[in-house]
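Me: I would like a close look at one part of this protein. Please start with a single residue, then work outward to its surroundings.

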Amino acid sequence: MFNRNKKDSKIDLEQHQMLEDAQKRIKQKKRLFSHFVIFLIGSIFMIIINKILGYGKTYDWFIWAIMVWAFLFVIHLFDVFVTSKLMGPQWERSQRERLVAKQKQKIAELQKEIETDFPLSRINKNNE
């Protein structure tokens, strides 16, 4: 009645992990949207400063500033929709499993090497 099966706890753990991954993804998209809104407001502000207020009126510096900022925004966009999607939780999980399997294989090879170099039967005979 009060005990949980291991199967139930595994499902709960998986659901919890999926929920955390979804929350991280939502946070990424929210930050991207905020970046876009700030980019638009900042771009308009730079145009107003240059054209209407006359700061640096001899040169249209706002074009270069907006282009640099747009480039940074595109990098952020690429990170959220390409890099994070390709290297998301499933990719991390598969990489972790691959590395663990590789380490287990190395450990098994080392144990086999130790057993061939120092067999237990010879050690036991020396102790007697």
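In which helix is the place of Phe 81? Please follow that helix and describe what lies around it.

Reply: Phe 81 has its place in helix 2. Bear in mind that this is a predicted model.

Start with the residue itself. Phe 81 is partly exposed, because its relative accessibility is 37% and that class runs between 20% and 50%. Leave out residues up to four places away in sequence, and Phe 81 touches Arg 25, Lys 29 and Leu 32. Take Lys 29 from that list. Phe 81 and Lys 29 are 52 residues apart in sequence. In space, their C-alpha atoms are 8.7 Å apart.

Now the helix. Helix 2 covers residues 61-86, while helix 1 covers 6-52. Ala 65 also sits in helix 2. Ala 65 counts as partly exposed because its relative accessible area is 26%, which falls between the 20% and 50% limits. Ala 65 pairs with Met 46 across 19 residues of sequence. The C-alpha to C-alpha distance between Ala 65 and Met 46 is 8.3 Å.

Next, look at a buried residue. His 35 belongs to helix 1. His 35 is buried because its relative accessible area is 17%, under the 20% limit. Set aside neighbours within four places in sequence, and His 35 is in contact with Trp 69, Leu 72, Phe 73 and His 76. Across the protein, buried residues make up 12% of the 128 residues.

Then comes a charged pair. Asp 60 forms a salt bridge with Lys 51. Their closest N and O atoms are 2.9 Å apart, inside the 4 Å cut-off. Asp 60 is partly exposed, with 27% relative accessible area. Lys 51 is also in the partly exposed class, at 41%. A search of the whole structure turns up 1 salt bridge.

Helix 2 also helps to line the largest pocket. That pocket holds about 400 Å³ of space. It is lined by 15 residues, and the closest to its centre are Asp 21, Lys 24, Ser 84, Gly 88 and Pro 89. Three elements each give two or more residues to the lining: helix 1, helix 2 and helix 3, the last spanning 89-117. Helix 1 supplies the largest share, 6 residues. By type, the lining divides into 7 charged, 5 polar and 3 nonpolar residues.

Finally, step back to the whole chain. The protein has 4 helices and 0 strands. Along the sequence, the pattern reads α-α-α-α. Consider the contacts between residues at least 6 apart in sequence. Of these, 57% join residues at least 24 apart. The accessible surface comes to about 11500 Å². Carbon and sulfur atoms account for 65% of that surface.

To return to the starting point: Phe 81 lies in helix 2, is partly exposed, and touches Arg 25, Lys 29 and Leu 32 beyond its sequence neighbours.

Terms used:
Residues are numbered from 1 along each chain as its sequence is written. This is a predicted model: local features need pLDDT of at least 70, side-chain atom pairs count only at pLDDT 80 or more; totals for chains, interfaces and linings use all residues. Side-chain values use heavy atoms; hydrogens and water are left out. On a 1 Å grid over the protein atoms alone, a cavity is a set of points where a 1.4 Å probe fits but cannot get out, and a pocket is an open set with protein on both sides within 12 Å along at least five of seven lines; lining residues have an atom within 4 Å of a point. Grid points are joined across faces, edges and corners, and a volume is the space filled by probe spheres set on the points. Ala, Val, Leu, Ile, Met, Phe, Trp, Tyr, Cys and Pro count as nonpolar, Asp, Glu, Lys and Arg as charged, and the others, Gly among them, as polar. Buried means under 20% relative accessible area, exposed over 50%, partly exposed in between (1.4 Å probe, protein chains only). Contact means heavy atoms within 4.5 Å. A salt bridge is a side-chain nitrogen of Lys or Arg within 4 Å of a carboxyl oxygen of Asp or Glu. Accessible areas come from the Shrake-Rupley method with a 1.4 Å probe; for residues, only the protein chains shown count as cover.
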